[in-house]
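Reader: I am in my first year and would like to look closely at one part of this model instead of skimming the whole. Could you choose one place, explain it carefully, and then show me what the rest of the chain is like?

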Amino acid sequence: MGRQRHHRLAEEKADAMLKEAKRAEVEASNLKRQSEIREKELNKLRQFIFDKYSRKDLQLQLSNNQKPGRKFEDESQEKELANIDINDTDWISLKAAVNIAYDGFTDRLLDAFPKINSETMKICILIKLGFSNSKISGIFAMEESSLKKKLYRMKTEVGLDDKDISFRDFILSF
């Protein structure tokens, strides 16, 4: 009788472990699917901004009788390209998508650093989306060197004393 009971308990334990393994497998599959959906949404947003940038570039080149893809001869023409119009609705959409994809990123950032202003938050959103300094400076119509100085100031404002981590790396890992 003791043997049968022991055998039955072992079977029950094996069944429970099998059910737990199946549950974990389903959960992992769901998480993977959610992650893929988030990544697709983020890619759409990135593409949206890149498309805006490309359309502005093409529009400017055509208005200056240049062949698309050709470098600008005049620096002022390139600066004109930089002024990409990302309207308030676009920013709201970007913020919402980043919050969904990155666990409430902007809310966590504001909780940790309540003095972050709107422009700083927008830069952080673009960094989180993987935009280069070149693209970000283009969007904000500033020199890349000015953006780098701004990023350094932002780093000190949030109290990052670590010389081994950049503000960009901090935001990407936040």
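**A residue in a loop, and the core**

Author: Alanine 141 has a relative accessible area of 48%, and therefore counts as partly exposed, a class that lies between buried (under 20%) and exposed (over 50%), as judged with a 1.4 Å probe and the protein chains only. Please keep in mind that this is a predicted model, in which local features need pLDDT of at least 70 and side-chain atom pairs count only at pLDDT 80 or more, while totals for chains, interfaces and linings use all residues. Residues are numbered from 1 along each chain as its sequence is written, and side-chain values use heavy atoms, with hydrogens and water left out.

Alanine 141 sits in the loop that joins α6 and α7, where helices are DSSP runs of H or I with at least four residues, strands are runs of E with at least two, and both are numbered from the N terminus. The phi angle of alanine 141 is near 55°, which is a positive value although the residue is not glycine. Aspartate 103, in the loop between α3 and α4, also has a positive phi near 55° without being glycine. Aspartate 103 counts as exposed because its relative accessibility is 66%.

Moving outwards from these loops, the protein chain holds 8 helices and 0 strands, so that the pattern along the sequence reads α-α-α-α-α-α-α-α. Of its 174 residues, 31% count as buried. If we take the contacts (heavy atoms within 4.5 Å) with a separation of 6 or more, 57% of them join residues 24 or more positions apart.

The largest nonpolar core (buried Ala, Val, Leu, Ile, Met, Phe, Trp, Tyr and Cys residues joined through side-chain atoms within 4.5 Å) has 32 residues, and Leu94, Leu109, Ile123, Leu126, Ile136, Phe167 and Ile171 have the most contacts inside it. At least two core residues come from each of α1 (2-63), α3 (88-101), α4 (105-112), α5 (118-128), α6 (133-139), α7 (144-157) and α8 (167-173). The most is given by α5, with 6 residues.

Isoleucine 123 shows this core at the level of one residue: leaving out residues up to four places away in sequence, isoleucine 123 touches Ile136, Phe140, Leu147, Lys150, Leu151 and Met154. To return to the starting point, the loop of alanine 141 lies between α6 and α7, and both of these helices supply at least two residues to the core.
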